[in-house]
Amino acid sequence: MPTSMPDIANQDSAQTMGTLDWVGMSNIEMPLLVTVPGQPDRQVSAKVDAFVSLDDSQAKGIHMSRLYLAVDELSASGSLQPAQLHTLLKTFISSHADLSSQAMVRFHFDYHLRRKSLISKKQGWKAYPVTLQAILSDQGLDIELGVAVPYSSTCPCSAALARQLIQDAFNQRFDDDSMDKESVLAWLGTTEGVPATPHSQRSIADIKVKLQAEHNDLPIEELIDAIENTLKTPVQAAVKREDEQEFARLNGQNLMFCEDAARRVKHTLNQNAHIRDFWIRINHYESLHAHDAVSITTKGIPNGYSPR
């Protein structure tokens with residue numbers, strides 16, 4: 001074997017001069033521990049993106065294996081929490097001395113929670129897609145936490161139209177003064193008594209938040225709970241008939257357009273002092289239309305998230 005192997009990244013110059021914003025790897029498969037307040041660490045199967053800036057316009061490239069080994073070390077002996085993300089990014093930069101001044105890491109994983117049903121309290125697993133991104137630059141450490149929370153939305157317009165049809169059917173059935181309570185109750189329990197129902201659909205609240213610099217943990221469960229409690233119609237796991245009935249009641253009492261849902265979530269996030277900025281995209285996957293109803297909003301701070 002040769003006494004030394006060629007290192008083109010160190011020995012050759014770039015074919016075309018120029019700096020690059022980010023160079024690295026994406027979709028690194030890695031098991032990782034997630035640390036959240038008040039809960040034991042939980043292992044997740046993550047896809048990881050690892051990048052550094054390439055500031056030397058003449059350098060051929062970066063040392064990608066060094067990024068991989070740093071992420072692997074986090075997987076083997078650390079967990080996802082702000083302090084350890086800060087350490088990881090500093091390792092990215094120190095391992096690329098004279099090449100890089102900024103580093104970024106992004107994690108994609110499903111976070112599973114045990115959820116109780118509404119009435120029977122039967123339990124089942126729900127998976128929430130999570131994205132965690134950290135960037136270290138001259139401006140300091142920037143951490144972004146993203147979650148996708150499914151819920152049910154019932155259209156206020158179709159609810160009003162359904163109520164009108166029920167009123168019309170009632171007038172046609174009971175067109176004199178001879179009706180009694182028992183006959184009305186029996187009629188309401190038939191398909192004829194409820195000739196129309198409003199349309200509803202599975203919906204998704206995609207949320208991204210920027211955490212305050214002094215925040216020392218990842219409020220994944222806190223954020224999910226806040227969104228579900230605000231929208232009031234979370235998608236269920238294990239259900240019995242009494243749970244399905246309660247779910248129908250909650251939908252009927254929480255009619256919402258995508259605009260309503262976005263305003264509710266925005267109000268809730270504005271009350272959280274740990275969140276310095278946020279981006280919200282509400283997606284109602286219409287059952288009436290072949291297209292989706294979407295509402296997007298941000299906190300609206302200077303140099304903050306763009307609505308785009």
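**Exercise 1. Strand partners**

Which residue in S6 does Tyr 151 stand opposite? Work out the pairing of the strands around that residue in this predicted model.

*Solution.* Begin with the residue itself: Tyr 151 stands opposite Ser 203, which belongs to S6. Next, place the strands, noting that strand S5 covers residues 140-154 and strand S6 covers residues 200-211, and that the two pair in the antiparallel sense over 11 bridges. Then turn to strand S7, residues 275-284, with which S6 also pairs in the antiparallel sense, here over 9 bridges. Finally, follow Ser 203 into S7, where its bridge partner is His 284. Ser 203 thus has Tyr 151 opposite it and His 284 as its bridge partner in S7.

**Exercise 2. An aromatic cluster**

Determine how the rings of Phe 170 and Trp 187 are arranged, and find which residues form one aromatic cluster with them.

*Solution.* A search of the whole structure finds 3 aromatic pairs. In the pair formed by Phe 170 and Trp 187, the ring centres are 5.9 Å apart and the planes stand at 65°, so the arrangement is edge-to-face, given that an angle over 60 degrees is the cut-off for that class. This pair links distant parts of the chain, since Phe 170 lies in helix H4 (residues 156-173) and Trp 187 in helix H5 (residues 181-188), 17 residues apart.

The next step is to look at Phe 174, which forms an edge-to-face pair with Trp 187, at 5.5 Å centre to centre and with 85° between the planes. Here too distant parts of the chain are linked, with Phe 174 in the loop between H4 and H5, Trp 187 in helix H5, and the two positions 13 residues apart. Taken together, Phe 170, Phe 174 and Trp 187 form one aromatic cluster.

Accessibility completes the picture: Trp 187 counts as buried at 5% relative accessibility, and Phe 174 counts as buried at 8%, whereas Phe 170 is partly exposed with a relative accessible area of 26%.

**Exercise 3. Charges over rings**

Over which rings do the charged end of Arg 173 and the residue Lys 210 lie?

*Solution.* Take Arg 173 first: its charged end sits over the ring of Phe 174, 4.7 Å from the ring centre, and Phe 174 is also a member of the aromatic cluster with Phe 170 and Trp 187. For the second case, Lys 210 lies over the face of Tyr 305, at 4.9 Å from the centre of that ring.

**Exercise 4. Backbone angles**

Asp 98 and Lys 121 are not glycines; what is the sign of phi at Asp 98 and at Lys 121, and where do these residues lie?

*Solution.* Asp 98 has a positive phi of about 70°, and its place is in the loop between helix H3 (82-94) and strand S3 (103-116). Asp 98 is exposed, because its relative accessible area is 75% and the cut-off is over 50%. Lys 121 likewise has a positive phi, of about 65°, in the loop between S3 and strand S4 (123-137). With a relative accessible area of 45%, Lys 121 is partly exposed.

**Exercise 5. The surroundings of a valine**

Is Val 44 buried or exposed, and which residues is it in contact with beyond its neighbours within four places in sequence?

*Solution.* Val 44 lies in strand S2 (residues 42-54), and at 7% relative accessibility Val 44 counts as buried. Leaving aside neighbours within four places in sequence, Val 44 is in contact with Met 30, Pro 31, Leu 32, Val 34, Phe 109 and Asp 110.

Notes:
Residues are numbered from 1 along each chain as its sequence is written. This is a predicted model: local features need pLDDT of at least 70, side-chain atom pairs count only at pLDDT 80 or more; totals for chains, interfaces and linings use all residues. Side-chain values use heavy atoms; hydrogens and water are left out. Helices (H or I, at least four residues) and strands (E, at least two) are DSSP runs, numbered from the N terminus. Buried means under 20% relative accessible area, exposed over 50%, partly exposed in between (1.4 Å probe, protein chains only). Rings of Phe, Tyr and Trp (its six-membered ring) pair if their centres lie within 6.5 Å; planes under 30 degrees apart count as stacked, over 60 as edge-to-face and the rest as tilted. A charge sits over a ring if NZ of Lys or CZ of Arg is within 6 Å of the ring centre and within 35 degrees of the ring normal. Contact means heavy atoms within 4.5 Å. Two strands pair if DSSP finds at least two bridges between them.
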